[in-house]
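User: I would like to go through the labels given to this structure and see what each one rests on. Please set each value against its cut-off.

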Amino acid sequence: SLPDASGPAAASTADTANRRRDRRRVEAKLKLPEQGDEATVFEDVRSGRVVATGYVRVLYGDHGAYVECRPDQVAWDELEARNVTAEYYDLYRALPPGRVQAYLQKKAVADKPN
């Protein structure tokens with residue numbers, strides 16, 4: 001389950017040099033602070049459709065940055081399922097002509113090596 005955006009701030013996941021570099025890029029280019037809010041609107045750049053309102057945090061991992069949302073913050077009607085057979089997540093993509101990808105986490109990845 002995802003952290004509650006209204007609860008205490010989670011520890012930063014920008015804890016290595018490459019993750020801190022990614023945080024600087026996200027904060028400079030996208031103007032997204034690591035800790036989320038309920039008001040930020042995410043639009044698909046290609047379609048202009050709203051795909052989420054609010055976010056929990058930006059999660060920095062070894063494979064890049066991810067915007068973490070609660071399921072109720074996502075406009076699921078603007079997305080279509082593309083792969084729902086993966087063990088750890090379901091993949092959704094924005095309706096054409098959109099570009100957004102969303103992963104619905106089904107299982108924690110703590111047991112997966114990087």
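Analyst: The turns below take the salt bridges, the surface patch, the pocket and some backbone details in order, for what is a predicted model.

User: What makes the pair Glu68 and Arg57 a salt bridge?

Analyst: The closest N and O atoms of Glu68 and Arg57 are 2.6 Å apart. A salt bridge needs a side-chain nitrogen of Lys or Arg within 4 Å of a carboxyl oxygen of Asp or Glu, so the pair qualifies. Glu68 sits in strand 4 and Arg57 in strand 3, 11 residues apart, and the pair links distant parts of the chain.

User: Why is Glu68 called buried, and why is Arg57 called buried?

Analyst: Buried means under 20% relative accessible area. Glu68 has 14% relative accessibility, so Glu68 counts as buried. Arg57 also has 14% relative accessibility and therefore counts as buried.

User: How do you know that Lys106 and Asp90 form a salt bridge, and which parts does the pair tie together?

Analyst: Their closest N and O atoms are 2.9 Å apart, and the cut-off is within 4 Å. Lys106 lies in the segment after strand 7, while Asp90 belongs to strand 6, so the pair ties together parts that are 16 residues apart in sequence.

User: Are Lys106 and Asp90 buried or partly exposed?

Analyst: Asp90 has a relative accessible area of 10%, and because buried means under 20%, Asp90 is buried. Lys106 has 41% relative accessibility; partly exposed covers the range between under 20% and over 50%, so Lys106 counts as partly exposed.

User: What makes Arg19 and Asp15 a salt bridge, and which residues are linked with them in a network?

Analyst: The closest N and O atoms of Arg19 and Asp15 are 3.0 Å apart, against a cut-off of within 4 Å. The network of salt bridges links Asp15, Arg19 and Asp62. Arg19 is at 15% relative accessibility and so counts as buried, whereas Asp15, with a relative accessible area of 49%, is partly exposed because exposed requires over 50%.

User: How many salt bridges does a search of the whole structure find?

Analyst: The search finds 11 salt bridges.

User: Which residues make the nonpolar surface patch, and why can Tyr89 belong to a patch?

Analyst: Tyr66, Tyr89 and Tyr103 make the patch, with an area of about 290 Å². Tyr89 is placed in strand 6, residues 89-94. Patch residues need over 30% relative accessible area, and Tyr89 has 31%, so Tyr89 passes that cut-off. The value of 31% also makes Tyr89 partly exposed, because buried means under 20% and exposed over 50%.

User: How much space lies in the largest pocket, and what lines the largest pocket?

Analyst: The largest pocket holds about 2,100 Å³ of space. Its lining has 50 residues, and Ala65, Tyr66, Val67, Glu68 and Tyr103 lie nearest its centre. Among the elements that give two or more residues to the lining are helix 1 (17-30), strand 4 (64-68) and strand 7 (101-105).

User: Into which classes do the lining residues divide?

Analyst: The lining of the largest pocket has 30 nonpolar, 7 polar and 13 charged residues.

User: Why is Lys31 called exposed, and what is its phi?

Analyst: Exposed means over 50%, and Lys31 has 62% relative accessibility, so Lys31 counts as exposed. Phi of Lys31 is near 60°, a positive value in a residue other than glycine. Lys31 is placed in the loop between helix 1 and strand 1.

User: Which peptide bond is cis?

Analyst: The bond from Pro96 to Pro97 is cis, with omega near 10°. Pro97 is in the loop between strand 6 and strand 7.

User: Why is Arg24 called exposed, and why is Val50 called partly exposed?

Analyst: Arg24, in helix 1, has a relative accessible area of 54%, which is over 50%, so Arg24 is exposed. Val50, in strand 2, has 34% relative accessibility, between the two cut-offs of 20% and 50%, and therefore counts as partly exposed.

User: How far apart are the C-alpha atoms of Val50 and Glu78, and those of Val41 and Thr13?

Analyst: Val50 and Glu78 are 28 residues apart along the chain, and their C-alpha atoms are separated by 7.7 Å. Val41 and Thr13 are 28 residues apart along the chain, with their C-alpha atoms separated by 23 Å.

How values were computed:
Residues are numbered from 1 along each chain as its sequence is written. This is a predicted model: local features need pLDDT of at least 70, side-chain atom pairs count only at pLDDT 80 or more; totals for chains, interfaces and linings use all residues. Side-chain values use heavy atoms; hydrogens and water are left out. Patches are made of residues with over 30% relative accessible area and no salt bridge: like charges are joined within 9 Å, nonpolar side chains (Val, Leu, Ile, Met, Phe, Trp, Tyr) within 5 Å. Accessible areas come from the Shrake-Rupley method with a 1.4 Å probe; for residues, only the protein chains shown count as cover. Helices (H or I, at least four residues) and strands (E, at least two) are DSSP runs, numbered from the N terminus. Buried means under 20% relative accessible area, exposed over 50%, partly exposed in between (1.4 Å probe, protein chains only). On a 1 Å grid over the protein atoms alone, a cavity is a set of points where a 1.4 Å probe fits but cannot get out, and a pocket is an open set with protein on both sides within 12 Å along at least five of seven lines; lining residues have an atom within 4 Å of a point. Grid points are joined across faces, edges and corners, and a volume is the space filled by probe spheres set on the points. Ala, Val, Leu, Ile, Met, Phe, Trp, Tyr, Cys and Pro count as nonpolar, Asp, Glu, Lys and Arg as charged, and the others, Gly among them, as polar.
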